[in-house]
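User: Hi! I have a new model open and would love a quick tour before I head back to the bench. Could you walk me through it?

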Amino acid sequence: MPSMVRGTIAVSLASVRMQRIECSGLTQRSDSREAISRTLQETGLALVLSSIVLVLGFSILWVSNFPTNRTFGALVSATVVFALIGDLLLLPALLHLHGWR
C-alpha cells in the first residue's frame with residue numbers, strides 16, 4: 001500500500017512538471033536551447049520552491065513513532081529531491097539532445 005501511494009505521488013509530480021514545460025511553448029519555438037532556457041527562467045523558481053515546501057511538509061513524518069510513516073516521509077522527500085534534479089538537469093539535457101521542435 002505505501003509503495004502504491006508513493007508511486008502515485010511521484011508520477012503526479014513528474015507529469016505536472018512535464019506538462020508545464022511542454023505547455024510553455026517548447027514545441028512552438030524553433031531553437032530548442034532558447035526554448036529550454038526560457039522555460040527554466042519562467043518555471044525554475046516555482047519548481048525549486050514547490051519542491052522545498054513538499055520536502056519540508058513530508059519531513060514532518062520523519063519524527064513519527066510509526067515506522068511506516070517515517071519511511072513514507074523519507075521516501076517521498078527523496079523522490080521530490082530527485083524529481084527536482086531531473087527537472088532542472090536531466091530533462092533539459094534530454095530535450096536538447098533529442099532536438100525537440
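Analyst: Happy to; below we go through confidence, the fold, the core and the surface. Keep in mind that this is a predicted model.

User: Thanks! How many helices and strands does the protein have?

Analyst: There are 3 helices and 0 strands. Read from the N terminus, the order of elements is α-α-α.

User: And where is confidence lowest, and where is it highest?

Analyst: The low point is helix H1, residues 2–26, with a mean pLDDT of 58. Helix H3, residues 67–98, has the highest mean, 84. Averaged over the protein, pLDDT is 75, and 67% of the residues score at least 70.

User: Good to know. Which residues make up the largest nonpolar core?

Analyst: That core has 5 residues: Val-55, Phe-58, Phe-72, Val-76 and Val-80. Helices H2 (32–59) and H3 each provide at least two of them, and H3 contributes the most, with 3 residues.

User: Let's zoom in on Val-80. Is it buried or exposed?

Analyst: Val-80 has a relative accessibility of 1%, so it counts as buried, the cut-off being under 20%. Val-80 sits in helix H3. Its C-alpha is 6.7 Å from that of Val-55, although the two residues are 25 apart in sequence.

User: Nice. How many aromatic pairs does the count come to?

Analyst: The count is 1 aromatic pair. Phe-58 and Phe-72 form it, in an edge-to-face arrangement with 5.9 Å from centre to centre and 75° between the planes.

User: What does that pair tie together?

Analyst: Phe-58 belongs to helix H2 and Phe-72 to helix H3, so the pair links parts that lie 14 residues apart in sequence. Both Phe-58 and Phe-72 are buried.

User: Switching to the outside: which residues make the nonpolar surface patch?

Analyst: Val-81, Phe-82, Ile-85, Leu-89, Leu-90, Leu-94 and Leu-97 make a patch of about 750 Å².

User: Hmm, take Phe-82 from that list. Why does it count as exposed?

Analyst: Phe-82 has a relative accessible area of 59%, and exposed means over 50%, so Phe-82 is exposed. Phe-82 lies in helix H3. As background, nonpolar side chains tend to be buried together in soluble globular proteins.

User: Last one: what share of the residues counts as buried?

Analyst: Of the protein's 101 residues, 30% count as buried.

User: Great, that gives me plenty to look at. Thanks!

Key:
Residues numbered from 1 in each chain as written. Predicted model: local features only at pLDDT ≥ 70, side-chain atom pairs only at ≥ 80, totals over all residues. Heavy atoms only, no water. pLDDT = per-residue confidence, 0-100. Helix = DSSP H or I, 4+ residues; strand = E, 2+ residues; numbered from the N terminus. Patch = residues over 30% accessible without salt bridge, like charges linked within 9 Å, V, L, I, M, F, W, Y side chains within 5 Å. Areas by Shrake-Rupley, 256 points an atom, 1.4 Å probe, with all protein chains shown as cover. Salt bridge = Lys/Arg side-chain N within 4 Å of Asp/Glu carboxyl O. Buried < 20%, exposed > 50% of the residue type's maximum accessible area, 1.4 Å probe, protein only. Core = buried A, V, L, I, M, F, W, Y, C linked by side-chain atoms within 4.5 Å. Phe/Tyr/Trp six-rings, centres within 6.5 Å; stacked < 30°, edge-to-face > 60°.
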